[in-house]
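Here is a short, informal tour of a protein model for anyone meeting it for the first time. Have a look at the picture, then read on.

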Amino acid sequence: MAKSIYVGNLPWSATEEQVQNLFAPYGNVLSVKLVNDRETGRARGFGFVEMEDPAAAAAIEALDNSSFGGRTLRVNEAKPRAPRPRY
């Protein structure tokens with residue numbers, strides 16, 4: 001079963017390929033999605049990685065609070081997005 005992993009505090013210069021390479025030693029990376037600001041197009045410093053469990057659990061354990069690009073990563077299981085209120 002695939003698991004979505006939240007990756008926060010990424011350096012703004014990080015690419016999807018670099019993030020995939022960071023997670024690859026722990027198992028097969030199904031997808032990487034870095035989030036960009038809609039208005040400026042600049043990176044927002046976080047993204048999501050999809051991996052099979054138990055590789056996802058191993059990656060979370062190993063990479064949370066690790067250093068990447070001079071920043072300390074926050075890595076945990078992604079929570080489903082809360083529905084936004086419509087106005």
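A salt bridge here is a side-chain nitrogen of Lys or Arg within 4 Å of a carboxyl oxygen of Asp or Glu. With that in hand, note that Lys3, Asp53 and Glu77 are linked in a network of such bridges. Keep in mind that this is a predicted model.

**The salt bridges**

The structure has 3 salt bridges, and here they are:

| Pair | Closest N to O |
|---|---|
| Lys3 and Asp53 | 2.9 Å |
| Glu77 and Lys3 | 3.8 Å |
| Arg74 and Asp64 | 3.3 Å |

Take Lys3 and Asp53. Lys3 sits in strand 1, while Asp53 is in the loop between strand 3 and helix 2, so to speak 50 residues away along the chain. Lys3 counts as partly exposed because its relative accessibility is 22%, and Asp53, at 32%, is partly exposed too.

Glu77 lies in strand 6 and Lys3 in strand 1, so their bridge ties together parts that are 74 residues apart in sequence. Glu77 has a relative accessible area of 40%, which means partly exposed.

As for Arg74 and Asp64, Arg74 belongs to strand 6 and Asp64 to the loop between helix 2 and strand 4, with 10 residues separating them. Arg74 is partly exposed at 39%, and Asp64 is partly exposed at 25%.

**The sheet and its helices**

Now for the sheet. It is an open one with 4 strands in the order 2-3-1-6, paired antiparallel. Strand 2 and strand 6 (74-77) are the edges, each pairing on one side only. On average, neighbouring strands are turned by 20° against each other, direction ignored.

Helix 1 packs on this sheet and touches strand 1, strand 2, strand 3 and strand 6, with its direction at about 140° to that of strand 2. Helix 2 lies across strand 1, strand 3 and strand 6, and runs at about 140° to strand 3.

How many bridges join strand 1 to strand 6? There are 4, and the two strands run antiparallel. Strand 1 also pairs with strand 3, over 7 bridges, and strand 2 pairs with strand 3 over 6. Ile5 is a handy landmark: its bridge partner in strand 6 is Glu77, and it stands opposite Val49 in strand 3. Val49 also has Val32 opposite it.

Strand 2 and strand 3 form a hairpin with 6 residues between them, and Gly41 in the turn has a positive phi of about 80°.

**The nonpolar core**

In soluble globular proteins, nonpolar side chains tend to be buried together. In this model the largest nonpolar core has 20 residues, and Ile5, Val7, Val19, Phe23, Val49, Met51 and Val75 have the most contacts inside it. Strand 1 (2-8), helix 1 (16-23), strand 2 (29-36), strand 3 (43-52) and helix 2 each give at least two residues to this core. Helix 2 gives the largest share, 5 residues.

Setting aside neighbours within four places in sequence, Met51 is in contact with a list of residues including Ile5, Phe23, Val29, Leu30, Ala56 and Ala59.

**A serine in a loop**

One last stop is Ser66, found in the loop between helix 2 (55-63) and strand 4 (67-68). Is Ser66 buried or exposed? Ser66 counts as buried, because its relative accessibility is 17% and the cut-off is under 20%. Its side chain reaches the backbone oxygen of Leu63 at 2.6 Å. Beyond neighbours within four places in sequence, Ser66 is in contact with Arg71, Thr72 and Leu73.

Definitions and conventions. Residues numbered from 1 in each chain as written. Predicted model: local features only at pLDDT ≥ 70, side-chain atom pairs only at ≥ 80, totals over all residues. Heavy atoms only, no water. Buried < 20%, exposed > 50% of the residue type's maximum accessible area, 1.4 Å probe, protein only. Polar contact = N/O pair within 3.5 Å; in protein donor to acceptor, adjacent residues only side chain to side chain. Contact = heavy atoms within 4.5 Å. Core = buried A, V, L, I, M, F, W, Y, C linked by side-chain atoms within 4.5 Å. Pairing = 2+ DSSP bridges. Axes fitted to C-alpha atoms, helices over the stretch in contact; angles between N-to-C directions.
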